[in-house]
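Subject: A structure for you to look at

Hi there,

Here is the structure I promised to pass on to you. Have a look around it, and then read on for my notes.

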Amino acid sequence: MGVFTYEQETTSTVAPAKLYKAVVHDADDIIVKAVDDIKSVEIVEGNGGPGTIKKLNFVEGGQNLYVLHKIDAIDEANLGYNYSIVGGAGLSDTVEKISFEAKLVEGPNGGSIGKMTVKVQTKGDAKPIEKEVEEGKAKGDALFKAIEGYVLANPNY
């Protein structure tokens, strides 16, 4: 098994605590409203804390697909959230698991900086397909921006 690590940063004009609430606590409801292709989010196992597995149902290329997302850790004090994609359309045949370690920190002018470390664990001696890595980064950014957009469009959130 190989482990390949990628770093990523995204900025937001939304304050860290408010954005954390949206991204971690309310994302299941917000993304269904903010992203047309995501149809539902359901808890398959657990109570919402670490160990919980969620199923995100979405449409891509006219197909109904899903991703299984496992919560690894929630760090309220440091605005951290770790999760993994453990099944479904988010994993190619050569990938065992993709882990994400996310943290929000204070950004310029009262906004936020989202810092993400992505670890792709491949099967055997396979290497990640660069196109899939880039597509995954783009989807992650789009989801983050959709949640940010929802918060900005709903000032009373």
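Below is what turned up, topic by topic.

Please keep in mind that this is a predicted model.

**The overall picture**

UniProt, in an unreviewed entry, places the feature "domain: Bet v I/Major latex protein" at residues 1–154. Over that stretch the chain is 27% helix and 47% strand. The C-alpha atoms at the two ends of the stretch are 44 Å apart.

**Strands 5, 6 and 7**

A good place to begin is strand 5 and strand 6, which run antiparallel and are joined by six bridges. A hairpin of six residues connects the two strands. If you want a spot to zoom in on, find Ile85, which stands opposite Ile98 in strand 6.

Strand 6 also pairs with strand 7, again antiparallel, and here there are eleven bridges. Phe100 stands opposite Val118 in strand 7. The hairpin of strand 6 and strand 7 has five residues between the strands, and in it Asn109 takes a positive phi near 55 degrees.

**Aromatic rings**

A pair of aromatic rings is described by the distance of the centres and the angle of the planes. How many aromatic pairs does the model have? The count comes to three. One of them is Tyr83 with Phe100, a stacked pair with 4.6 Å from centre to centre and 15 degrees between the planes. This pair links distant parts of the chain, as Tyr83 is in strand 5 (residues 80–88) and Phe100 is in strand 6 (residues 95–106), 17 residues apart.

Are these two rings' residues buried or exposed? Tyr83 counts as buried because its relative accessibility, 17%, is under the 20% cut-off. Phe100 has 13% relative accessibility, so Phe100 counts as buried too. Tyr83 and Phe100 also belong to one aromatic cluster together with Tyr81.

Tyr150 and Tyr157 make a pair as well: their ring centres are 6.3 Å apart and their planes stand at 80 degrees, so this pair is edge-to-face. Tyr157 counts as partly exposed, at 24% relative accessibility.

**Salt bridges**

Side chains of opposite charge can pair when their charged atoms come close. A search of the whole structure finds eight salt bridges. Here are three of them to try out in your viewer.

- Lys115 and Glu9 meet through their side chains, with 3.6 Å from N to O. Lys115 lies in strand 7 (residues 112–122) and Glu9 in strand 1 (residues 2–12), so the pair ties together parts that are 106 residues apart in sequence. Lys115 is partly exposed, with a relative accessible area of 37%. Glu9 has 53%, so Glu9 is exposed.
- Glu60 forms a salt bridge with Lys139, and their closest N and O atoms are 2.9 Å apart. This one links strand 3, home of Glu60, to helix 3 (residues 130–153), where Lys139 is found, and the two residues are 79 residues apart. Glu60 is partly exposed at 36% relative accessible area, and Lys139 is partly exposed at 48%.
- Glu134 pairs with Lys137, the closest N and O atoms being 3.8 Å apart. Because Glu134 and Lys137 are three residues apart in helix 3, about one helical turn separates them. Glu134 counts as partly exposed at 41% relative accessibility, and so does Lys137, at 23%.

**A closer look at Lys55**

Lys55 is found in strand 3 (residues 53–60). Its relative accessible area is 25%, so Lys55 is partly exposed. What does the charged end of Lys55 sit over? It sits over the ring of Tyr66, 4.7 Å from the ring centre.

Leaving out residues up to four places away in sequence, Lys55 touches Ser40, Val41, Glu42, Val44, Tyr66, Val67 and Leu68. Tyr66 therefore appears twice in these notes on Lys55: under the charged end and among the contacts, which count heavy atoms within 4.5 Å. Glu76, in contrast, is 21 residues along the chain from Lys55, and the C-alpha atoms of the two are separated by 23 Å.

Happy exploring, and send me your questions whenever you like.

Best wishes

Note on methods. Residues are numbered from 1 along each chain as its sequence is written. This is a predicted model: local features need pLDDT of at least 70, side-chain atom pairs count only at pLDDT 80 or more; totals for chains, interfaces and linings use all residues. Side-chain values use heavy atoms; hydrogens and water are left out. Helices (H or I, at least four residues) and strands (E, at least two) are DSSP runs, numbered from the N terminus. Buried means under 20% relative accessible area, exposed over 50%, partly exposed in between (1.4 Å probe, protein chains only). Rings of Phe, Tyr and Trp (its six-membered ring) pair if their centres lie within 6.5 Å; planes under 30 degrees apart count as stacked, over 60 as edge-to-face and the rest as tilted. A charge sits over a ring if NZ of Lys or CZ of Arg is within 6 Å of the ring centre and within 35 degrees of the ring normal. UniProt positions are given in the numbering used here, feature names are shortened, and annotations may be inferred rather than shown by experiment. A salt bridge is a side-chain nitrogen of Lys or Arg within 4 Å of a carboxyl oxygen of Asp or Glu. Two strands pair if DSSP finds at least two bridges between them.
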